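This short report looks at a metal site and at a set of paired strands. Please view the sequence and the structure before reading on.

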Amino acid sequence: MSEDPETARQIAELARDSRPLLVLDVDEVLLEFMVPFMRFLDAQGLAFLARSFKLTGNVVDQKTQKPLEQAAVSALLEGFFHAQREWQSAAPGAADAVAGLAAGAEVVLLTAMPHRHRDIRRQHLDALGFPYPLLTTERAKGPALRLLRGEASRPVAFVDDIAHNLVSVRDAVADAHLFNLMSYREMRAFLPPLPDDIVIEDDWAQAAPKIATALGI
Ligand SMILES: [Mg+2]
């Protein structure tokens, strides 16, 4: 997939850094997503039924159990991200773990979210103790990682809950260390099989020392 020109512009604004690079997804990695989204749905008479790894088709009306159409689910997500400061909390242990890693690495947050939500998310991450540069992308994450790493052959680690983001990074940065973290672990049952070299961790307490080792810090 081609690069996102707005993401490239955001990367160009970052200070050049030659330390090991740690790139973190936001939803389900640093911030809770599924649990607050389910509360958001409940407040509107809707529910998420965990039947597969997708939202459309699994968001239903509580009374009729009828699934909402794609356009309605997209509108709900838009509303949720707009109001994220009221709903989303930090994943347990994430702020302290990342602060520890940031002592020896460049930490960059990469969220797959429409660029228009970047400012709201920036404010919310600051409030929750994640003062690291935030990039938004509306395209694949792999090319963004390659651009972020730059010419230096520094170690790279990437953490995400979604398989296709991890695979995208594997395709773009062959030697990246890949970690799968998922705050709402019930969804793990619906993940497609992950490539063998992706390290699956249950929480930040487990993941942080392995990320530090991978980055050599
Ligand atoms: Mg995510």
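In this predicted model, strand S4 and strand S5 (residues 134-137) pair in the parallel sense, and four bridges hold the pairing. Within it, Thr-111 has Thr-136 in S5 as its bridge partner. The two strands also belong to a right-handed β-α-β unit, whose helix is H6 (residues 118-127).

S4 pairs with S1 as well: these strands run parallel and are joined by four bridges. Here Leu-21 stands opposite Glu-106 in S4. Strand S4 covers residues 106-112, and six of its seven residues are buried.

The table lists the two pairings.

| Strands | Direction | Bridges | A facing pair |
|---|---|---|---|
| S1 and S4 | parallel | four bridges | Leu-21 and Glu-106 |
| S4 and S5 | parallel | four bridges | Thr-111 and Thr-136 |

The metal site comes next. Which residues of the protein act as donors to the magnesium ion? They are Asp-25 (OD), Asp-27 (O) and Asp-161 (OD), at 2.0 to 2.3 Å from the ion. Along the sequence, the spacing of these donor residues is D-x1-D-x133-D. Asp-25 is in the loop between strand S1 (21-24) and helix H2 (34-42), while Asp-161 is in the loop between strand S6 (156-160) and helix H8 (163-172), so this pair ties together parts that are 136 residues apart in sequence.

Are Asp-25 and Asp-161 buried or exposed? A residue counts as buried under 20% relative accessible area. Asp-25 has a relative accessible area of 5%, so Asp-25 is buried. Asp-161 is also buried, with 7% relative accessibility.

Note on methods. Residues numbered from 1 in each chain as written. Predicted model: local features only at pLDDT ≥ 70, side-chain atom pairs only at ≥ 80, totals over all residues. Heavy atoms only, no water. Donors = N, O, S within 2.8 Å, 3.2 Å for Na, K, Ca; no water. Buried < 20%, exposed > 50% of the residue type's maximum accessible area, 1.4 Å probe, protein only. Pairing = 2+ DSSP bridges. Right-handed = clockwise from strand over helix to strand, strands pointing away.
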